[in-house]
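This report describes how the ligands are held in the structure shown below.

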Amino acid sequence: MANPEPTMTSLVVEPKSETQAQTTYFRCISGCPGKHSIYDVIYTCPICGSLLEVHHEREPLQDKTAEQWKQLFDSRVGTTAWPYGSGVWSLREWVIPSLADENVVSMCEGNTNLFWAERLGKQLGVPDLWIKLCGNSHTGSFKDLGMTVLVSVVKQMMAQGSPVKAVACASTGDTSAALAAYAAYAGIPAIIFLPAGKVSTAQLIQPVANGALVLALDTDFDGCMKIVKEVTQDNSIYLANSMNSLRIEGQKTVGIEIVRQFNWQVPDWIIIPVGNLGNISALYKGFKLMMDLGLISKMPRLVAAQAAQANPFYEAFKNNFKEKVSITAQDTLASAIRIGDPVSYAKATKAIAESDGIVEQATEAELAAAAAEADLTGMFTCPHTGVALAVLKKLVARGLIQKSDRTVVISTAHGLKFTDFKVRYHDSNLAGISSKHANPAIQLPADVGAVKAEIEKQLAGKQ
Ligand SMILES: *Cc1c(COP(=O)(O)O)cnc(C)c1O
Ligand SMILES: [Zn+2]
């Protein structure tokens, strides 16, 4: 892994507010000594090259009781008082407490709906099934939760005279949409590296519309990642991929939000589609913080759902995480999780181990079928959510998830970003997949007799 040169300044915490910055800092996940300011340009441990994490010392957060935290967070839901209307910044004290109001770059992300999937749950034999619709957000995916934090920190860095002049990321489509939007909102230039031809039209047009510099490279995501790491060696371009753990701080709020929405009750299972493994690490981090501060007393079991075409984490789980597996990811409809060398591997293995979690995979046919079945109950699922739902079906069939269990499926993106997947499914035009639930529009002349005859025929067929 290419590491930025260790610098003296990176070891010095230069707080905006002395006390706050000293209790929230980057530290090495492998335990090397050193506290690094979150306002420094640093992505990995200067000693061993491991990922960093934003650490919040627990003691200052214990100045409120668990009850007081719950009341405070409950009181902010839906407010217009800046910046607390955001689902991320309503948890400000647990995210980046030292950030100044004027540097928060927020479009009121988070606070997404968590709804009871009544019909689907009954069909699948798990009536207490819930969907957390993270795609109902500004750019249509959960990536907004992380980008509001990262871009806010960059804004504060720039205000304090940092050499940073642009932000950059490699992306399977949703990261770049979120980065481009938040950077444009803040007036900061963004550079986007995409694998040419491997993202959806909706995903491609978002950064284009937001005025980012969009570079489509003739490679896959992992190839784009290598290039962006080189380009960001220069400290004037700030890396916004999830190896930058500021993203994780924002994304960790999703688990806290789920528990808040259940009146601070913890579900039994949470199933999440994974690629680079940042989001499952974030989910775990939110739960760990709630445990440490006494807001909850048990962990949900976390399930990482992978596409079988891009399944290095599943392969590693099968060998009990004895060693990291890296592969060349194959083509999958779940294009946002087409990743062969996941960057947050070490964090994610911990999330699985400490939550008694599971990693499972779904084939293309399984994910397409699961997405179509869910849509028939009123959803409009993206293919990644299809992966999670297909995995849910497997775990129910294996008797692991039981009828009385409360299960949450994290829907990571809005289906409208992936209409091509849906159109091809309903046109029975997905290679190797039989579209059992295809429901194409029927072409008819504008003739009332023909219309009535067709309706009669169709309704008879549905009985
Ligand atoms: C980014 C993304 C994922 C995977 O998240 P990771 O943090 O890379 O594991 C899943 N679904 C969608 C829609 C995404 O955009
Ligand atoms: Zn280290």
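## Polar contacts of ligand 1

In this predicted model, a nitrogen atom of ligand 1 lies 2.8 Å from a polar side-chain atom of Thr-412. The backbone also takes part: a polar backbone atom of Gly-275 is 2.8 Å from an oxygen atom of ligand 1, and a polar backbone atom of Leu-277 is likewise 2.8 Å from an oxygen atom of the ligand. Of the 380 Å² of accessible area that ligand 1 has on its own, the protein covers 97%.

## Surroundings of ligand 1

The space that ligand 1 takes is the largest cavity. Around the ligand there are 15 residues, of which Lys-143, Asp-174, Asn-276, Asn-279 and Thr-412 come nearest. By character, the shell comprises seven nonpolar, six polar and two charged residues.

## The zinc site

Ligand 2 is a zinc ion whose protein donors are the SG atoms of Cys-28, Cys-32, Cys-45 and Cys-48, lying 2.3 Å from the ion. In sequence, these donor residues follow the spacing C-x3-C-x12-C-x2-C.

The arrangement around the zinc ion is tetrahedral because the four donor atoms subtend angles of 106 to 115°. For four tetrahedral donors, the ideal angle at a metal is 109.5 degrees.

Conventions: Residues numbered from 1 in each chain as written. Chains lettered and ligands numbered in written order. Predicted model: local features only at pLDDT ≥ 70, side-chain atom pairs only at ≥ 80, totals over all residues. Heavy atoms only, no water. Near = heavy atom within 4 Å. Polar contact = N/O pair within 3.5 Å; in protein donor to acceptor, adjacent residues only side chain to side chain. Areas by Shrake-Rupley, 256 points an atom, 1.4 Å probe, with all protein chains shown as cover. 1 Å grid on protein atoms, 1.4 Å probe; cavity = no way out; pocket = protein on both sides within 12 Å on 5 of 7 lines; lining within 4 Å. Sits in = over half its atoms within 2 Å of the grid points. Nonpolar A, V, L, I, M, F, W, Y, C, P; charged D, E, K, R; others polar. Donors = N, O, S within 2.8 Å, 3.2 Å for Na, K, Ca; no water. Tetrahedral: all angles 85-135°; square planar, octahedral: opposite > 155°, others 65-115°.
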